[in-house]
Each structure stands twice: as structure tokens, then as C-alpha cells.
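Trainee: I am new to this structure and should like to go through it step by step. May I put my questions to you in turn?

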Amino acid sequence: METIIGAGGIAKTGDPLLGKMRPGEPKALMPIAGKPMVQWVLDAVGATDSISNVVIIGLSPDQGLDCGDKPVHYLHNAGNIFDNAIAGCKAVLKLNPRSTRTLWVSADLPLLTPTMLNWFINQTGQSKHDLYYQIIERNAMESRFPDCKRTYTHLKGGTVCGGDVSAINPNVASDAHPAFRRISAARKSVAKQAALIGPWPLLLLLTRQLSTETAAKIVHRRLGLNGVFVNTPFPEMGMDVDKPQQYEIAQRELEQRSN
């Protein structure tokens, strides 16, 4: 399986972690526990046997990163997550034209391990969907990281946050896929983006009556995207580092792991 690592974020004035890096620098290179943050991610990816090619978006070969024996391919930052995802998927299809699943991993996920990636990859192999999106239950997240201060969504039957590893059929990045055409047409219009899903799901969400099954059906009906939510038992897969308290948690965990 190919893996795309999204590392396009750039430090800007006002970023809460600006003290750890300089404006204009890639956030993925922020040092944490003795390594660039993205290197911790690459360590996990490099030790996962079922991963073959790795595509990194937003960084370059001269930054001294290492992914073990995995071939690494670098792409320039396309400017936003949508265009980066499209570029990454197209790169995957050039490397493996028969690919139907590729991982998307955030570069700010330093607590990731091969065990977690293997578990998620195994989950994606049990069905045929265009998109596998992680959710993590609030109780699990806060039991493991009481001070993590994640943003949660109230669904029917529970309160969850999103994870930072997903899987996508890279062919979604092709003009032949209905989801690509609809999302692309709405990319520069907030009104069109809102119309993609419609007011009814928003009402269900606000009244806490939206289940993951209903959400998946709505996305399929509106976008032609066949997706599934994966309830994930590893809170570390949702511990992206974008606030000082999250940085401190990750630094402490990684130092303990190294020792």
C-alpha cells in the first residue's frame, strides 16, 4: 500500500507553536524530543511492512529525512489540503496504477507506531470503500490524554473526535469520479460547499441525532463517495500537535518511549 504524508503546513505569525519554529518554516520540521516531528511519523511508516512507496507533500529531499528502506517521493505544497490530496493521489496512481487504497497520514502525528498503522490497514482490508475515516471516542481520548483539549462532535450514541490517519481510493482524484467533480466545483465557494451536504445533516448533528451510518449514507447520496467511519482504539492516532499543551504531551511521551 502507498502512503501520502501531508506536510504542507507553514508556520505563520500568530501560530500558538511559533516559539518552537520560525515563521515560514514547515511545521512538520518542528523539533520534538530530538527529531523533526515528521521524522517520528516516518519512523512508524518505515517500520510497517505492508507500506511500499511513500509520498511526502510539502517537504524536499535535502531536509535529511529517512524512511528506512521505503522509496520516498517528494511533492511541492500545492497550497491547500484539497489540491495536495489531488496531487498526492495522482502521484500514487503513477507509482501504482492498480491502487485502490492509499493511506493519508498527517505529518503532525508523532505518537504514531507501526502497530497502530497495521491495525488500521487491516481494517481497510475488510471492506471495499472509497474512504475510511477515523473517529475516536471522547472517553478513550481523555482517559489516555486528559489534557489533550481536542475538538469533539456529538453524534447519536457518542461523542467523538477525528483521527489523523485515513485511507482513500486514489482514483477519487480522477475526473472520472463523481465525488471529484462535485467537490472540485465547490472548492472556491462556501455556498456550494454547504450545498454539497445540505441543511438536514446539520440539523441532525445539532440535535445529536446523526449517527455514523446516517452520515456515511448522506455522503454517498450527495457526493457519490462510498465511505465508512472506523472507530479507532488508539487515541495516539488523534493526537496531532498544533497547540502548546499537545506539544508538551507528545514531548513527554516520546522521551519516555526513547528511555
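Trainee: Which residues of H3 are buried?

Mentor: The model is a predicted one, and burial here is a matter of relative accessible area, with the limit set at under 20%. In helix H3, which covers residues 114-124, the residues that count as buried are Met-116, Leu-117, Phe-120, Ile-121 and Thr-124.

Trainee: Within what arc do the buried residues of H3 fall, seen down its axis?

Mentor: The buried residues line one face of H3, because their directions from the axis are confined to a limited arc. The elements they pack against include helix H1 (37-46), strand S6 (102-106) and strand S10 (165-168); S7 and S11 are also among them. The arc is 130 degrees.

Trainee: Trp-119 also belongs to H3. Is Trp-119 buried or exposed, and what is its relative accessible area?

Mentor: The limits are under 20% for buried and over 50% for exposed, with partly exposed in between. Trp-119 falls in the middle class, so it is partly exposed, with a relative accessible area of 22%.

Trainee: How many aromatic pairs does the structure hold, and how far apart in the chain are Trp-119 and Phe-234?

Mentor: There are two aromatic pairs in the structure. One joins Trp-119 and Phe-234, with 5.8 Å from centre to centre and 80 degrees between the planes, which is an edge-to-face arrangement. Phe-234 lies in the loop between strand S11 (227-231) and helix H9 (244-258), and this pair links distant parts of the chain, at a separation of 115 residues.

Trainee: Why is the pair of Tyr-133 and Phe-229 edge-to-face?

Mentor: Ring centres must lie within 6.5 Å to pair, and planes over 60 degrees apart count as edge-to-face. The centres of Tyr-133 and Phe-229 are 6.0 Å apart, and the pair is edge-to-face because the angle between the planes is 85 degrees.

Trainee: Where do Tyr-133 and Phe-229 lie, and how many residues apart are they?

Mentor: Both residues are partly exposed, Tyr-133 at 34% relative accessible area and Phe-229 at 29%. Tyr-133 is in strand S7 (residues 131-137) and Phe-229 is in strand S11, so to speak distant parts of the chain, 96 residues apart.

Trainee: Gln-134 is also placed in strand S7. Which residue's backbone nitrogen does its side chain reach?

Mentor: Gln-134 is buried, because its relative accessibility is 0%. Leaving aside neighbours within four places in sequence, its contacts include Phe-120, Cys-161, Gly-163, Val-230 and Met-237. At 3.4 Å, its side chain reaches the backbone nitrogen of Asp-164.

Trainee: With which side chain does Asp-15 make a polar contact?

Mentor: Asp-15 is found in the loop between strand S1 (2-6) and strand S2 (31-32), and its relative accessible area of 14% makes it buried. Not counting residues up to four places away in sequence, Asp-15 touches Met-21 and Lys-27. The polar contact, at 2.8 Å, is with the side chain of Lys-27.

Trainee: Over the face of which residue does Lys-35 lie?

Mentor: A charge sits over a ring when, among other conditions, it is within 6 Å of the ring centre. Lys-35 is 4.2 Å from the centre of the ring concerned, which belongs to Trp-40.

Trainee: What share of the residues in the chain is buried?

Mentor: The chain has nine helices and 11 strands. Of its 259 residues, the buried ones make up 45%.

Methods:
Residues are numbered from 1 along each chain as its sequence is written. This is a predicted model: local features need pLDDT of at least 70, side-chain atom pairs count only at pLDDT 80 or more; totals for chains, interfaces and linings use all residues. Side-chain values use heavy atoms; hydrogens and water are left out. Rings of Phe, Tyr and Trp (its six-membered ring) pair if their centres lie within 6.5 Å; planes under 30 degrees apart count as stacked, over 60 as edge-to-face and the rest as tilted. Helices (H or I, at least four residues) and strands (E, at least two) are DSSP runs, numbered from the N terminus. Buried means under 20% relative accessible area, exposed over 50%, partly exposed in between (1.4 Å probe, protein chains only). A charge sits over a ring if NZ of Lys or CZ of Arg is within 6 Å of the ring centre and within 35 degrees of the ring normal. The arc is that of the directions from the helix axis to the C-beta atoms. Contact means heavy atoms within 4.5 Å. A polar contact is a pair of N or O atoms within 3.5 Å; within protein, one must be able to donate a hydrogen and the other to accept it, and residues adjacent in sequence count only if both atoms are side-chain atoms.
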